[in-house]
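Visitor: I should like to request a close look at the charged contacts of this chain, taken residue by residue. Please begin with a single partner and move outwards from there.

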Amino acid sequence: MGTTHAEAGSDSVSFTDLSRNPRTVAAKAAALGRLRITHRDAPDMVLTTAAQADLTEENLTTASRLFLALMKQDDGARTLLLALPEVFPWVRHLDEEEVRSFTVELIEALSDAAELGTGEAVHRAVVSWRATARINADPEQLRESRLPLPGDDLGQVEVSV
């Protein structure tokens, strides 16, 4: 097999290695559980066994269901809210209601990722709330964010129920 990328570690091979030696690369992926395939002209990929992918999915589902169950109990929800700054230190820049909203959105996104395979929602929730925290942390950005947007006023919006 060709050389692995030293900067990516021993759990990585090039796409060229995969195309030249698929059996060797597949065996390495099976032995490691997962293997990063680097590609010069495209995003990296991960090669894994179906059993490993199933186990990862099962673990996510279990964790997601545990968090959902905790959110349904006052003590569990309080514990999650207290633990959040350990995982996301930037939540200190969110007010109490924002932290609660972030927690609910994150747990729901984790549930969707586990049950529906929509992992992008977790990333989107974290990135969006981190951006809110970043704005809150900068008094100038916070002031600017509260100004009306420039442009035409499109008038009153009607909400039908």
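At what relative accessibility does Asp44 stand, and how is Asp44 classed in terms of burial and exposure?

Guide: Asp44 has a relative accessibility of 36% and counts as partly exposed (buried is under 20% relative accessible area, exposed over 50%, and partly exposed in between, with a 1.4 Å probe and protein chains only). This is a predicted model, in which local features need pLDDT of at least 70 and side-chain atom pairs count only at pLDDT 80 or more, while totals for chains, interfaces and linings use all residues. Residues are numbered from 1 along each chain as its sequence is written, and side-chain values use heavy atoms, with hydrogens and water left out.

The partner of Asp44 is Arg36: the two side chains meet in a salt bridge, with N and O at 3.3 Å (a side-chain nitrogen of Lys or Arg within 4 Å of a carboxyl oxygen of Asp or Glu). Arg36 also counts as partly exposed, because its relative accessibility is 37%. With Asp44 at 36%, both members of the pair therefore fall in the intermediate class. Arg36 has its place in strand β2, which covers residues 34-38 (helices, H or I of at least four residues, and strands, E of at least two, are DSSP runs numbered from the N terminus). A further relation of Arg36 is to Val13, from which it is separated by 23 residues along the chain. In space, the C-alpha atoms of Arg36 and Val13 are separated by 6.4 Å.

The contact of Arg36 with Asp44 belongs to a set of five salt bridges held by the structure. Another of these joins the side chains of Glu115 and Arg65, with a distance of 2.9 Å from N to O. Glu115 lies in helix α5 and Arg65 in helix α3 (residues 50-71), so this pair ties together parts that are 50 residues apart in sequence. Glu115 counts as partly exposed, given a relative accessibility of 41%. Arg65, with a relative accessible area of 49%, is partly exposed as well.

Helix α5 offers a contrast to Glu115 in Ala113, which lies in that helix. Ala113 has a relative accessibility of 11% and therefore counts as buried, whereas Glu115 is partly exposed. Ala113 can also be placed relative to Arg40: the two residues are 73 residues apart in sequence, and their C-alpha atoms lie 29 Å apart in space.

Beyond Ala113 and Glu115, the chain reaches Gly117, which lies in the loop between α5 and α6, the latter covering residues 120-137. Gly117 counts as exposed, because its relative accessibility is 61%. Eleven residues along the chain separate Gly117 from Ser128, and the C-alpha atoms of these two residues are separated by 20 Å.

A further salt bridge concerns Arg78 and Asp75, whose closest N and O atoms are 2.8 Å apart. Here the setting is local in sequence: Arg78 and Asp75 are three residues apart in helix α4, so about one helical turn separates them. The two partners differ in class, since Arg78 is partly exposed with a relative accessible area of 46%, while Asp75 counts as exposed at 55% relative accessibility.

Between these two residues in numbering stands Gly76, which is likewise found in helix α4. Gly76 counts as buried because its relative accessibility is 6%, in contrast to Asp75, which counts as exposed. Gly76 may also be related to Leu66, ten residues away along the chain; the C-alpha atoms of Gly76 and Leu66 are separated by 10.0 Å.

To return to the starting point, Asp44 and Arg36 meet at 3.3 Å, and Arg36 belongs to strand β2. The bridge of Glu115 and Arg65 instead joins residues in helices α5 and α3, and that of Arg78 and Asp75 stays within helix α4.
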